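User: I have a structure to look through. Can you take me through it in questions and answers?

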Amino acid sequence: MAQKKKDTPSPFGNLLKTLPPPPFELSEMAARIYSDEGEKLIALVMLKASDIHALAQFANEASTYIRCTLETEKEPLVVELHNKVTAPNHYRKLAETAFKNMLSLSDRLGLSPASRHKLKGYKAFTDLDEKETSWYQ
């Protein structure tokens, strides 16, 4: 049986060991989400350079969802418009859209258990040894 070369890339491609800066400017909240989720993906050995834009978009959508949800809680769910017609609170609609976008992006990135399983199989749920979790070194 032929031995595998030491420098042969993994079947998943070139995975990141450190999180690069976001590809575009993020709000403070989105930057925190980008950092937190990016570090989790690196620890799970699941983040590639090609995922960085999707991760930044995910962080933006998550931030929008949180902000809109907080605004929705300040006002009634149904509001009266200037022409006396009632309508759902506009922040609620924005939050729903951001949530749908966030879920779609989280599936692409492997942030949910189902998407991790789809990407890595049962390996996604096994405990990583110390060497594999040392992404910060």
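Analyst: What follows is a set of short questions on this predicted model, each with its answer.

User: What is the mean pLDDT of the protein chain?

Analyst: The model is predicted, and pLDDT gives the predictor's confidence in each residue. In this chain, 76% of the residues reach 70 or more. The mean pLDDT of the chain is 82.

User: Over which residues does pLDDT stay under 50?

Analyst: Where pLDDT is low, the predicted coordinates should not be read in detail. One stretch calls for that care, although the model has 10 contacts for it beyond four places in sequence. The stretch with pLDDT under 50 is residues 128-137.

User: Which helix gives the most residues to the largest nonpolar core?

Analyst: The largest nonpolar core has 18 residues. Among those with the most contacts inside it are Tyr 34, Leu 41, Phe 58 and Leu 109. Helix 1 (28-43), helix 2 (52-74) and helix 3 (90-109) each give two or more residues to this core. With 7 residues, the one that gives the most is helix 2.

User: Leu 41 is in that core. Which residues does Leu 41 touch, leaving out those up to four places away in sequence?

Analyst: Leu 41 is one of the buried residues of helix 1. In general, nonpolar side chains tend to be buried together in soluble globular proteins. Beyond four places in sequence, Leu 41 touches Met 46, Leu 47, Leu 55, Leu 109, Gly 110 and Leu 111.

User: Is Met 46 buried or exposed?

Analyst: Met 46 sits in the loop between helix 1 and helix 2. Its relative accessibility is 9%. The cut-off for buried is under 20%, so Met 46 counts as buried.

User: How far does helix 1 reach from its first C-alpha to its last?

Analyst: Helix 1 has 16 residues. At 1.5 Å a residue, the expected reach is 22 Å. The model comes close to that, with a reach of 23 Å.

User: Which residue with a positive phi follows helix 1?

Analyst: Helix 1 covers residues 28-43. The residue in question comes after the helix and has a phi near 55°. That residue is Val 45.

User: Is the aromatic pair stacked, tilted or edge-to-face?

Analyst: The structure holds 1 aromatic pair. The ring centres of Tyr 65 and Phe 99 are 5.1 Å apart, and their planes meet at 40°. Stacked needs under 30 degrees and edge-to-face needs over 60, so this pair is tilted.

User: How many residues apart are the two partners of the pair?

Analyst: Tyr 65 is in helix 2 and Phe 99 is in helix 3. Tyr 65 counts as partly exposed at 27% relative accessibility. Phe 99 is also partly exposed, at 33%. The pair links distant parts of the chain, with its partners 34 residues apart.

User: Which backbone oxygen does the side chain of Thr 72 reach?

Analyst: Thr 72 is in helix 2, and it is buried with a relative accessible area of 9%. A polar atom of its side chain lies 3.5 Å from the backbone nitrogen of Arg 92. At 2.8 Å, the side chain reaches the backbone oxygen of Cys 68.

User: What does Ser 106 contact beyond its neighbours within four places in sequence?

Analyst: Ser 106 is found in helix 3. Its relative accessible area is 7%, so Ser 106 is buried. Beyond those neighbours, Ser 106 is in contact with Phe 58, Leu 111, Ser 112 and Ser 115.

Note on methods. Residues are numbered from 1 along each chain as its sequence is written. This is a predicted model: local features need pLDDT of at least 70, side-chain atom pairs count only at pLDDT 80 or more; totals for chains, interfaces and linings use all residues. Side-chain values use heavy atoms; hydrogens and water are left out. pLDDT is the predictor's confidence in each residue, from 0 to 100. Contact means heavy atoms within 4.5 Å. A nonpolar core is a set of buried Ala, Val, Leu, Ile, Met, Phe, Trp, Tyr and Cys residues joined through side-chain atoms within 4.5 Å. Buried means under 20% relative accessible area, exposed over 50%, partly exposed in between (1.4 Å probe, protein chains only). Helices (H or I, at least four residues) and strands (E, at least two) are DSSP runs, numbered from the N terminus. Rings of Phe, Tyr and Trp (its six-membered ring) pair if their centres lie within 6.5 Å; planes under 30 degrees apart count as stacked, over 60 as edge-to-face and the rest as tilted. A polar contact is a pair of N or O atoms within 3.5 Å; within protein, one must be able to donate a hydrogen and the other to accept it, and residues adjacent in sequence count only if both atoms are side-chain atoms. The expected span of a helix is 1.5 Å times one less than its number of residues.
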